[in-house]
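I set out to record what I looked up in this structure, entry by entry. The entries follow the order in which I worked.

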Amino acid sequence: AIPALLLAALICLQLLAAGYTATLADGASEAGALAVAAGRPPTPAVRAALPGWARARVSVNVSGGTVRVRLRPPALVPGLAGALSVGSKASVRAAR
């Protein structure tokens, strides 16, 4: 019973980490889109919106006014972070 309980706890912790990472990716993509709207480069804005541990785990793709952020969560099991990576995108329209 104890091993099953520990496994369930590990799974819950991993899912919480993935959910938190999704929230971070949302905020980072919005920061990048706001930078695009202000005429600044989005990648530094995306990285600045993330905590230190996440900055090395992010990839940024910019196309026009759309900023896509892909972020790998911390993984309790090595190699699992890639499978649980989350993404977010935010867009801005050009001012008229």
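The entries below concern a predicted model.

**Entry 1: a glutamine in the first helix**

I began with Gln 14, which lies in helix α1, spanning residues 2–37. Is Gln 14 buried or exposed? I found a relative accessible area of 6%; the limit for a buried residue is under 20%, so Gln 14 counts as buried. I then looked for what its polar side chain reaches, and found the backbone oxygen of Pro 74 at 2.9 Å. Beyond its neighbours within four places in sequence, I listed the contacts of Gln 14 as Pro 74, Ala 75, Leu 76, Val 77, Leu 80 and Leu 84.

**Entry 2: aromatic rings**

I searched for aromatic pairs and noted one in the structure. The ring centres of Tyr 20 and Trp 53 are 6.5 Å apart and the planes stand at 35°, so I entered the pair as tilted. Tyr 20 belongs to helix α1 and Trp 53 to helix α3 (residues 52–55), so the pair ties together parts that are 33 residues apart in sequence. I also checked accessibility: Tyr 20 is partly exposed at 46%, and Trp 53 is partly exposed at 35%.

**Entry 3: the largest nonpolar core**

Which residues touch the most other members of the largest nonpolar core? I noted Val 46, Leu 50, Val 58, Val 69 and Leu 71, out of 13 residues in that core. Helix α1 and strands β2 (66–71) and β3 (86–91) each supply at least two residues. Of the contributors, α1 gives the most, with four residues.

I followed Val 69 further. Setting aside residues up to four places away in sequence, I recorded that Val 69 touches Ala 25, Ala 28, Ser 29, Val 46, Val 58, Ser 59, Val 86, Gly 87 and Ser 88.

**Entry 4: strand pairing**

I turned to the strands last. Strand β1 (residues 58–63) pairs with β2 in the antiparallel sense, over six bridges. Within this pairing, I noted that Ser 63 has Thr 66 in β2 as its bridge partner. The two strands form a hairpin with two residues between them. In that turn I found Gly 64 with a positive phi of about 65°.

How many bridges join β2 and β3, and in which sense do they pair? I counted six bridges, in the antiparallel sense. Arg 70 stands opposite Gly 87 in β3. I noted that Gly 87 also appears among the residues touched by Val 69.

Methods:
Residues numbered from 1 in each chain as written. Predicted model: local features only at pLDDT ≥ 70, side-chain atom pairs only at ≥ 80, totals over all residues. Heavy atoms only, no water. Buried < 20%, exposed > 50% of the residue type's maximum accessible area, 1.4 Å probe, protein only. Polar contact = N/O pair within 3.5 Å; in protein donor to acceptor, adjacent residues only side chain to side chain. Contact = heavy atoms within 4.5 Å. Phe/Tyr/Trp six-rings, centres within 6.5 Å; stacked < 30°, edge-to-face > 60°. Core = buried A, V, L, I, M, F, W, Y, C linked by side-chain atoms within 4.5 Å. Pairing = 2+ DSSP bridges.
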